[in-house]
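Open the model in the viewer and keep the sequence panel visible. The tour below goes from selection to selection.

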Amino acid sequence: MTGISEKIVLITGASSGIGEATVRELAAAGARLFIGARRADRLKALAEELGERVAWRELDVTDAASFEAFADAAEARFGGIDVLVNNAGVMPLSPLAALKRDEWKRMIDVNIHGVLNGIAAVLPRFIAKGNGHVVNVASVGAHLVLPTAAVYCGTKYAVWAITEGLRQEHENIRSTIISPGVTATELGDDISDPQVAAALKDWRQKSLTPDAIARAIRYALEQPDGVDVNEIIVRPTAAN
Ligand code: NDP
């Protein structure tokens, strides 16, 4: 099983940004896609636009039962699962001294537990069939830490480590880390600190568009069985 048009791909965080762009990119390549997020209206509109090879279900990645039901529904709809793209993420940046414990918890819940819930939902199925591919969207923040981003970067370092651990433990399951640089999406629109929100707006002047990340994900999926793209880092030329 090699061709992308034969693959059944699950994508989380498909209601906006990089997730939505990846749905469009992989749909154009002929994959069958099962897409999830909390905003059902956006998923429904995207699936209706792209046709019957795209199906959707509401998903909260922080809820293990919701993720299991999502994977079950994908199998029921398409007859199997070949790839999981763990893309959902949140980034409410703030300085540590602001003690925004609820925001720290939300980042850890979505960015780390969400990825683990996804792995738990597909790994037994991949082991049973002897192959599979997990693509985890980390960040350049999995390689560097910036002020106000300590917790966010901590979650992305964790995603990097979890993906690498998965790769080492399973010979027949491909594991890919996708590490985007600054990309123009809705990420960080919920930053509650006005100064940090303004700094992000400035930083975004140099953004990639999300299709650049979608193409990197497509590249990893397109490789023949036996070729595991371990990590792709994609930055705009003008930013670190
Ligand atoms: P967006 O905010 O546009 O997309 C985030 C997606 O995550 C949305 O579809 C949102 O859907 C979904 N999501 C959030 N919480 C949950 C949840 N509990 N359950 C299910 N889905 C959830 O941002 P991006 O497209 O930029 O983010 C995608 C990934 O890329 C993230 O992991 C992010 O950390 C990473 N990234 C982004 C960069 C950037 O500069 N934009 C740079 C580096 C990494 P909904 O609200 O409908 O649930």
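Select α3 and α4 to begin: α3 passes α4 in a right-handed crossing (clockwise turn of the near helix from the far one by less than a right angle; anticlockwise would be left-handed). The model is predicted: local features need pLDDT of at least 70 and side-chain atom pairs count only at pLDDT 80 or more, while totals for chains, interfaces and linings use all residues. Residues are numbered from 1 along each chain as its sequence is written. Helices (H or I, at least four residues) and strands (E, at least two) are DSSP runs, numbered from the N terminus.

The axes of α3 (residues 64-78) and α4 come within 9 Å and cross at roughly 40°. Axes are lines fitted to C-alpha atoms, for helices over the stretch in contact, and angles run from 0 to 180 degrees between N-to-C directions. That angle makes α3 oblique to α4 (under 35 degrees counts as roughly parallel, over 145 as roughly antiparallel, 65 to 115 as roughly perpendicular and the rest as oblique). Show Ala 64, Phe 67, Glu 68, Phe 70 and Ala 71 of α3 together with Asn 117, Gly 118, Ala 120, Ala 121 and Val 122 of α4; these make the contact (C-beta atoms, placed from the backbone, within 7 Å). By class, this contact has seven nonpolar residues, two polar and one charged. Ala, Val, Leu, Ile, Met, Phe, Trp, Tyr, Cys and Pro count as nonpolar, Asp, Glu, Lys and Arg as charged, and the others, Gly among them, as polar.

Keep α4 (residues 101-129) and add α5 (residues 150-169): their axes come within 9 Å and cross at roughly 15°. The two helices are therefore roughly parallel to each other. Here too the crossing of α4 and α5 is right-handed. Residues of α4 in this contact include Trp 104, Met 107, Ile 108 and Asn 111, and those of α5 include Val 151, Tyr 152, Thr 155 and Lys 156. The contact of α4 with α5 holds 13 nonpolar residues, two polar and one charged.

Now hide these helices and colour the strands. How many strands does the open sheet have, and in what order? It has seven, ordered β3-β2-β1-β4-β5-β6-β7, with parallel pairing (two strands pair if DSSP finds at least two bridges between them). β3 (54-58) and β7 (231-234) are the edge strands with a single partner each, so one side of each has no neighbour in the sheet. From one strand to the next the twist averages 15°. Zoom in on β1 (residues 8-12) and β2 (residues 32-37), which pair in the parallel sense over five bridges; Ile 8 has Arg 32 of β2 as its bridge partner.

Next, add α7 (residues 210-222), which packs on the sheet and touches β4 (83-86), β5 (132-137), β6 (173-180) and β7. The direction of α7 makes about 160° with that of β7.

Bring in α1, which packs against α7 at an angle of about 55°, with the axes 8 Å apart. That makes α1 oblique to α7. In the contact, α1 contributes residues including Gly 17, Ile 18 and Ala 21, and α7 residues including Pro 210, Asp 211 and Ile 213. This contact has seven nonpolar, two polar and five charged residues.

Finally, select the ligand. Its shell has 28 residues, the closest being Gly 13, Gly 17, Arg 38, Arg 39 and Gly 89 (C-beta atom, placed from the backbone, within 6 Å of the molecule). Helix α1 (residues 17-28) gives the most to this shell, with three residues. The shell divides into 12 nonpolar, 12 polar and four charged residues.

Note on methods:
Two residues are in contact if their C-beta atoms, placed from the backbone, lie within 7 Å.
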